[in-house]
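Open the model in your viewer and keep the selection tool ready. We will move from stop to stop, and each stop says what to pick and what is there.

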Amino acid sequence: MNKTLRKAVIAGNWKMNKTPSEAKALIEEMKPLVADADCGVVLCVPFVDLPAALEAAKGSNIAIGAQNCHFEKSGAFTGEISGGMLAELGVEYVIIGHSERRQYFGETDVTVNKRTLAALDAGLKVILCVGELLEQREQGITDEIVAMQVKVALQGVTAEQLSNVIIAYEPVWAIGTGRTATADQAEEVCALIRNTVAGLYCPNCAAALTIQYGGSMNAKNADELVGKENVDGGLIGGASLKAADFSVIVAAASK
Ligand code: PEP
C-alpha cells in the first residue's frame, strides 16, 4: 500500500452552525489561508448555506458539500433533500452516515447504504462515516463493527463508483468530546478499513481509497494523525469553524 496512490482530503463538517452570511464570511477568511493546499479541501455546510457557500468558494480550491441526502429522488418525504437537488446546485460532496445522524435521526447501516447509492447515482462524491461506540471498543469488537458498517454501506457500489467514495473513520466516543483516538488507534482501524475494501473490491481499489480520521482532530494533533500510513486526511467538526485552526490542519495534510 502506498500513500502516494491516493489523495489526502481535509473536510470540514460545520454541523448546524453558521447562517448563510456567516458562511460567506468564514469561507472568505479561509480562502487565502488554504489556497496553497496540496490536499483536497472540502466544507460541508448546512443545506441553507449551500448557495452562499458555492458562490463564496467559486474559483478557489475549496469544494462544497452537504451533510446528508435522502435515498429517494423525490416524493412525500417532508423535510428531506435529494441527491439530485444537491447536484443541480453544484454541490460536489455529501456526508453520509455521520454518527449524529445514526444517533439522533434513526440512521441505520441499511439506510446509510441506500443514501450512499442514491448520492453516487446523482453524481455526488460521498464521505461515508463509520465508527464504533465506546462500549463496542471496550468490548473489543471495534474491528467487527467497523468492517460490518463498511460492508453494508458499500453493498451495490461498483468498483468504478468507489473512486467517488471517501471513508471517514470516526470513533463515536471521539466526536465533539475533545477525546481523540491515538494516532496508532486511528491507523489500526483505517488499515482495517483498507483491508476490508481490498477484500470487497481489489488491492488497487483499496490502495487508491481516501480514508480519513475524524474525532476531535485539531491544529495540535493533526500532524501526528495524518502522518500515519493509512490516514489520508480528516473529517473535522469543531476545528473547521475557525479559519486559522482549519488551515493548520490543511497544511498538516499537505506535507
Ligand atoms: C465530526 O463531526 O465529524 C467531527 C469529527 O467532529 P469534531 O471534530 O468536533 O470531533
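The tour visits the ligand, then some strands, then a few charged side chains. Keep in mind that this is a predicted model.

**Stop 1: the ligand**

Select the ligand and show the residues around it. There are 14 of them. Which come nearest? Look for Lys 15, Glu 170, Gly 176, Ser 216 and Gly 237. Now colour the shell by class. You should find four nonpolar, eight polar and two charged residues.

Next, pick out the contacts to oxygen atoms of the ligand. Start with His 98. An N or O atom in its side chain is 2.9 Å from a ligand oxygen. Move to Gly 176. Here a backbone N or O atom lies 2.6 Å from an oxygen of the ligand. Then click Gly 237. Again a backbone N or O atom is involved, at 2.8 Å from a ligand oxygen. How much of the ligand does the protein bury? Taken alone, the ligand exposes 290 Å², and the protein buries 95% of that.

**Stop 2: Gln 67**

Select Gln 67. You are in the loop between strand S3 (62–66) and helix H3 (83–89). Is Gln 67 buried or exposed? Its relative accessible area is 18%, so Gln 67 is buried. Show its side chain and follow it outward. The side chain of Gln 67 reaches the backbone oxygen of Lys 15 at 3.0 Å. It also reaches the backbone oxygen of Cys 44, at 3.2 Å. You have met Lys 15 before, among the residues that come nearest to the ligand.

**Stop 3: strands S3 and S4**

Step back from the loop into S3. Then select S4, residues 93–96. S3 and S4 run parallel and are joined by two bridges. To see a bridge pair, select Gly 65 and its partner in S4, Tyr 93.

Now look at the two faces of S4. In a regular strand the side chains alternate between the two faces of the sheet. On one side of S4 are Tyr 93 and Ile 95, on the other Val 94 and Ile 96, and all are buried.

**Stop 4: strand S6 and its partners**

Select S6, residues 165–169. How many of its five residues are buried? Five of the five are. Val 165, Ile 167 and Tyr 169 sit on one side, with Ile 166 and Ala 168 on the other. Both faces are covered.

Add strand S5, residues 125–130. S5 pairs with S6 in the parallel sense, over five bridges. Then add strand S7, residues 210–214. S7 also runs parallel to S6, and four bridges join the two. For a landmark, find Ile 166, which stands opposite Thr 210 in S7.

Finish this stop at Cys 129, in strand S5. Cys 129 stands opposite Ala 168 in S6. Its relative accessibility is 2%, so Cys 129 counts as buried. Try the distance tool from the C-alpha atom of Cys 129 to that of Ile 62. The two residues are 67 apart along the chain, and their C-alpha atoms are separated by 21 Å.

**Stop 5: salt bridges**

Side chains of opposite charge can pair when their charged atoms come close. How many salt bridges are in the whole structure? A search finds 14. Here are some to visit.

- Select Lys 24 and Glu 28. Their side chains meet in a salt bridge at 3.8 Å, N to O. Both lie in helix H1 (residues 20–34), four residues apart, about one turn of the helix. Lys 24 is partly exposed, at 43% relative accessibility. Glu 28 is partly exposed too, at 33%.
- Select Asp 109 and Arg 102. Their salt bridge is 2.6 Å, N to O. Asp 109 is buried at 18%, and Arg 102 is buried at 18%.
- Select Arg 115 and Glu 107. The closest N and O atoms of this salt bridge are 2.6 Å apart. Arg 115 is buried, at 7%. Glu 107 counts as buried, at 6%.

For the last stop, select Arg 6, Arg 194 and Asp 232 together. These three are linked in a network of salt bridges.

Conventions. Residues numbered from 1 in each chain as written. Predicted model: local features only at pLDDT ≥ 70, side-chain atom pairs only at ≥ 80, totals over all residues. Heavy atoms only, no water. Salt bridge = Lys/Arg side-chain N within 4 Å of Asp/Glu carboxyl O. Buried < 20%, exposed > 50% of the residue type's maximum accessible area, 1.4 Å probe, protein only. Near = heavy atom within 4 Å. Polar contact = N/O pair within 3.5 Å; in protein donor to acceptor, adjacent residues only side chain to side chain. Areas by Shrake-Rupley, 256 points an atom, 1.4 Å probe, with all protein chains shown as cover. Nonpolar A, V, L, I, M, F, W, Y, C, P; charged D, E, K, R; others polar. Pairing = 2+ DSSP bridges.
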